[in-house]
Amino acid sequence: MNTLETFDHYVIANYKRFPVTLVRGEGAYVWDDRGNRYLDFFPGWGCNLLGHCPPAVVEAVRKQVGELIHVPNSWYTVQQGQWAKMLSERAFGGKCFFCNSGAEANEAAIKLMRMYGAEKKRYKIITFEGSFHGRTMGAVSATAQPKYHEGLGPMLAGFMYAPYGDLEATRALVDDETVGILVEPIQGEGGVNVPPPEFLQGLRDLCDQNGLLLAFDEVQTGCGRTGDWFGYQNTGVVPDIMTLAKALAGGIAAGAMMAKPEYAPFLRPGMHAATFGGNPVAAAAGIATLEMIENENLLERAKKIGERFLLRFQELKSRCDLVKDVRGRGVMLGMELHVDGADVVPRCMNRGLLVNCTHGTVIRILPPVTLTDAEVEEGCDILCEVVKDM
Ligand SMILES: Cc1ncc(COP(=O)(O)O)c(C=O)c1O
């Protein structure tokens, strides 16, 4: 039985997979079991911000697994404390709860908000059309996209959906039972949507005026992706709660929910947990990730690469009528087409480049921040030619 047949027999087919078995990754490249090499502009769906097998993370994990792999949160570990401190110092001085994925981080945020509002019977959370917050029942209920709700109803009660970027519509949803707002500072899965500049500040004001908690889902925008440590830092708007995952630990599974110290105690003992959350291996990888970003000046690099990508995409837009819009920040970029973009993905793959298509018409790339200038150009050349030939 080859690998594809083994999957057919033994793995639940809940993913659409390319008929390719990947066996090795290094930097911006992955190889399949036939020896084909791909330049990966969508490594790990955004988890491999530092490229495949970043040496600093590999080294930290190797060292850690030889010392202590897992102990539960009934004990202290040096690594988890240090990781939380490093994250807090780079963000808004919040406290961390660690888990293993973005959905879990958002579940923690939802629970914290509800426990904050419990005394006054406030439980409603406003989220936004086109959002994506994960697949667990709470996170998918928060995700205001009907296609992800099909066949799952009834959804978790208490989520109110507003159009992304529409402050007045958001304000109209606030009532006595509203406890908070959960929003991506840039929508990822929804099509790399950058909101109007005044939107996030407007949400902050709305929260302050009504005693609501403002939570930013930074699962995709966080940890250096946008050229700042966290996406909110470019906007001047500070959330009360922030959720992280994807790039948080250099490709090792990890998630975190950070809350301002005054709200953190609402997640009190016995009310929430994750057995593997903040385990020493993830923590060691997370620390190494933050150190590598700092030591190699990768926030600046994200900005620089991002500008080059946007320039290349804009050049293409000026020459090619198929391109409707180009947008993004740092190494989180989208090229919206006037036509269905699904075909772009296999065409790029056939030419050795991995990209993603989201929301039907948006070619999305979340390339590693470690790309060389030559790799940026190589990938852009392929992508631009493929789009031109569509
Ligand atoms: C903004 C955002 N939030 C949450 C999630 C869910 O993360 P996970 O798949 O790790 O549960 C994603 C995944 O794409 C995401 O982009």
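This report walks through a predicted model of a protein with a bound ligand, one region at a time.

## Around the ligand

Let's begin with the ligand and its neighbours. Which residues are around it? The list runs S101, G102, A103, N106, F132, H133, G134, E184, D217, V219, Q220 and K246. Sorted by character, this shell holds three nonpolar, six polar and three charged residues.

Some of these neighbours can be followed down to single atoms. A backbone N or O atom of G102 sits 2.8 Å from an oxygen atom of the ligand. The side chain of Q220 also has an N or O atom 2.8 Å from a ligand oxygen, and for the side chain of K246 the corresponding distance is 3.0 Å. How much of the ligand does the protein cover? On its own the ligand has 390 Å² of accessible area, and the protein covers 81% of that.

## Helix α4, a neighbour of the ligand

Now look for the helix that spans residues 102-117, called α4. With three residues, α4 gives the most to the shell around the ligand. The helix has 16 residues, and from its first C-alpha to its last it reaches 23 Å. That is close to the 22 Å expected at 1.5 Å a residue.

Is α4 mostly covered or mostly uncovered? Mostly covered, as 12 of its 16 residues are buried. The buried ones include G102, A103 and N106, names you may recall from the list around the ligand. Further buried residues of α4 include I110, L112, M113 and M115.

The N-terminal end of α4 has a cap, and the residue that provides it is S101. A side-chain oxygen of S101 lies 3.2 Å from the backbone nitrogen of E104. S101 is also one of the residues around the ligand.

## Helix α8

Another helix to find is α8, which covers residues 280-295. It has 16 residues and reaches 22 Å from its first C-alpha to its last, close to the expected 22 Å. Of those 16 residues, 13 are buried, so α8 counts as mostly covered.

Both ends of α8 are worth a look. At its start, a side-chain oxygen of N279 comes to within 3.1 Å of the backbone nitrogen of V281. After the helix comes N297, which has a positive phi near 55°.

## T21 and D33: two loops that meet

T21 belongs to the loop between α1 (3-10) and β1 (22-26), while D33 belongs to the loop between β2 (29-32) and β3 (37-40). They are 12 residues apart along the chain, yet their C-alpha atoms are separated by 5.8 Å.

What does each residue touch beyond its close sequence neighbours, those up to four places away? T21 touches T3, L4, W31, D32 and D33, and D33 touches T21 and V23. Why is T21 called buried? Its relative accessible area is 18%, and buried means under 20%. D33 has a relative accessible area of 48% and is partly exposed, because that category lies between 20% and 50%.

## Q145 and its contacts

Q145 is in the loop between α5 (137-142) and β6 (159-162). At 5% relative accessibility, Q145 counts as buried. Its side chain reaches the backbone oxygen of S131 at 2.9 Å.

Leaving out residues up to four places away in sequence, Q145 touches G130, S131, F132, E189 and H359. One of these, F132, is also among the residues around the ligand.

## Unusual backbone spots

Here is a general point to keep in mind: most residues other than glycine have a negative phi, and most peptide bonds are trans. The loop between α5 and β6, where P154 is placed, has a cis peptide bond joining G153 and P154, with omega about -5°.

Two residues that are not glycine have a positive phi: C223, at about 65°, and H359, at about 55°. C223 lies in the loop between β8 (213-217) and β9 (241-244), and at 3% relative accessibility it counts as buried. H359 is in the loop between β14 (356-358) and β15 (362-365), and it is partly exposed, with a relative accessible area of 39%. You have met H359 before, in the contacts of Q145.

Conventions: Residues numbered from 1 in each chain as written. Predicted model: local features only at pLDDT ≥ 70, side-chain atom pairs only at ≥ 80, totals over all residues. Heavy atoms only, no water. Near = heavy atom within 4 Å. Polar contact = N/O pair within 3.5 Å; in protein donor to acceptor, adjacent residues only side chain to side chain. Areas by Shrake-Rupley, 256 points an atom, 1.4 Å probe, with all protein chains shown as cover. Helix = DSSP H or I, 4+ residues; strand = E, 2+ residues; numbered from the N terminus. Nonpolar A, V, L, I, M, F, W, Y, C, P; charged D, E, K, R; others polar. Expected span 1.5 Å × (residues − 1). Buried < 20%, exposed > 50% of the residue type's maximum accessible area, 1.4 Å probe, protein only. Contact = heavy atoms within 4.5 Å.
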